[in-house]
Amino acid sequence: MKVTPTRLPEVLIFEPRVFGDERGFFLESFRQNVFDEAVGTHFDFVQDNHSRSSRGVLRGLHYQLDPAAQGKLVRVTQGRVLDVAVDVRRSSPRFGQWVGVELSGENHRQLWVPPGFAHGFLVLSDSADFLYKTTNYYAPQAERCIRWDDPALGIDWPDTGMAPQVSAKDAQGVSLAQAEVFA
């Protein structure tokens, strides 16, 4: 498995080796010891989630505060998304910076979004199946949401040919300046 840091060095791209022939392909999507070595510590994954969304759906920017902070290892098994992580650790020299990585069923990439980062994605294909492992259980009382279109973040979301479709909850997201974030 190839591991590549992004411009936010804690956010990592994992690219598995894919073995394919005329019958299809095989890949190892997760190996605990490789993951631990890449991130420099051990995380237990406690929950797996799967969502399907259509073109133009934008989910996020979500995160959970301590003591329910979550790390997420995310991937797409069908379709394409722009996956985005935003550093929401006030003490970080990269506070408020973001990185976007295209994940698809074709490239098999995975993105590690550690605790302390907000996460969101925009579906670029007709539909996308999005799978992710989390290091903590979903805790609605700890969940926070930053607006996907906060001008202070300046996220360069691609044009999908339609206005982003967001949930009512995500439409209520706040700006980074108003958000309750990590110390």
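How many bridges join strand E3 to strand E4, and do these strands run parallel or antiparallel? In this predicted model, strand E3 (residues 18-21) and strand E4 (residues 24-27) are antiparallel and are joined by four bridges.

## The E3-E4 hairpin

Strands E3 and E4 make up a hairpin, and two residues lie between them. One of the pairings can be named at the residue level: Asp-21 has Gly-24, in E4, as its bridge partner.

## The largest pocket

The largest pocket has a volume of about 340 Å³. Its lining comprises 20 residues, and those that lie nearest the centre are His-62, Lys-72, Tyr-132, Glu-143 and Lys-169. Two or more lining residues are given by each of strand E5 (47-54), strand E6 (58-64), strand E11 (117-123), strand E12 (127-134) and helix H2 (168-171). Strand E6 supplies the largest share, with four residues.

Sorted by class, the lining of the largest pocket holds 10 polar residues, five nonpolar residues and five charged residues.

## The second largest pocket

The second largest pocket encloses about 170 Å³ of space. Thirteen residues would be a long list to give in full; those nearest the centre of this pocket, out of the 13 residues that line it, are Met-1, Pro-16, Glu-28, Arg-31 and Val-34. Its lining divides by class into eight nonpolar, two polar and three charged residues.

## The cavity

A search for cavities of 30 Å³ or more over the whole structure returns one. The volume of the largest cavity is about 50 Å³. The residues that line the largest cavity are His-62, Tyr-63, Gln-64, Ala-69, Gln-70, Lys-72, Val-113, Pro-115, Gly-116, Phe-117, His-119 and Phe-182. Strands E6 and E11 are the elements that give two or more residues to this lining.

Which element provides the largest share of the lining of the largest cavity? That element is E6, with three residues. By class, the lining of the cavity has six nonpolar residues, five polar residues and one charged residue. His-62 and Lys-72 appear among the residues that line the cavity, and both are also named among the residues nearest the centre of the largest pocket.

## Cis peptide bonds in and after E6

Strand E6 also holds Leu-61. The peptide bond from Gly-60 to Leu-61 is cis, and its omega is near 15°.

A cis peptide bond is also found between Asp-66 and Pro-67, where omega is about 5°. Pro-67 is located in the loop that connects E6 with strand E7 (72-78).

## Ser-104 and His-108

Ser-104 belongs to strand E9 (residues 98-104). Is Ser-104 buried or exposed? Its relative accessible area is 4%, and Ser-104 is therefore classed as buried, since this value is under the 20% cut-off. A polar atom of the Ser-104 side chain lies 2.8 Å from the backbone nitrogen of Asn-107. When residues up to four places away in sequence are not counted, Ser-104 touches Val-76, Gly-79, Arg-80 and Arg-109.

His-108 is placed in the loop between E9 and strand E10 (110-113). Although His-108 is not a glycine, its phi is positive, at about 60°. With a relative accessible area of 15%, His-108 is buried.

## Leu-12 and its surroundings

Leu-12 is a residue of strand E2 (residues 12-15). Its relative accessible area is 6%, so Leu-12 counts as buried. Apart from neighbours within four places in sequence, the residues in contact with Leu-12 are Val-3, Thr-4, Pro-5, Ala-38, Val-39, Gln-110, Leu-111 and Trp-112.

One of these contacts, Ala-38, can be described further. Leu-12 and Ala-38 are 26 residues apart along the chain, and their C-alpha atoms are separated by 8.2 Å.

Key
Residues numbered from 1 in each chain as written. Predicted model: local features only at pLDDT ≥ 70, side-chain atom pairs only at ≥ 80, totals over all residues. Heavy atoms only, no water. Pairing = 2+ DSSP bridges. 1 Å grid on protein atoms, 1.4 Å probe; cavity = no way out; pocket = protein on both sides within 12 Å on 5 of 7 lines; lining within 4 Å. Points joined across faces, edges and corners; volume = space filled by probe spheres on them. Nonpolar A, V, L, I, M, F, W, Y, C, P; charged D, E, K, R; others polar. Buried < 20%, exposed > 50% of the residue type's maximum accessible area, 1.4 Å probe, protein only. Polar contact = N/O pair within 3.5 Å; in protein donor to acceptor, adjacent residues only side chain to side chain. Contact = heavy atoms within 4.5 Å.
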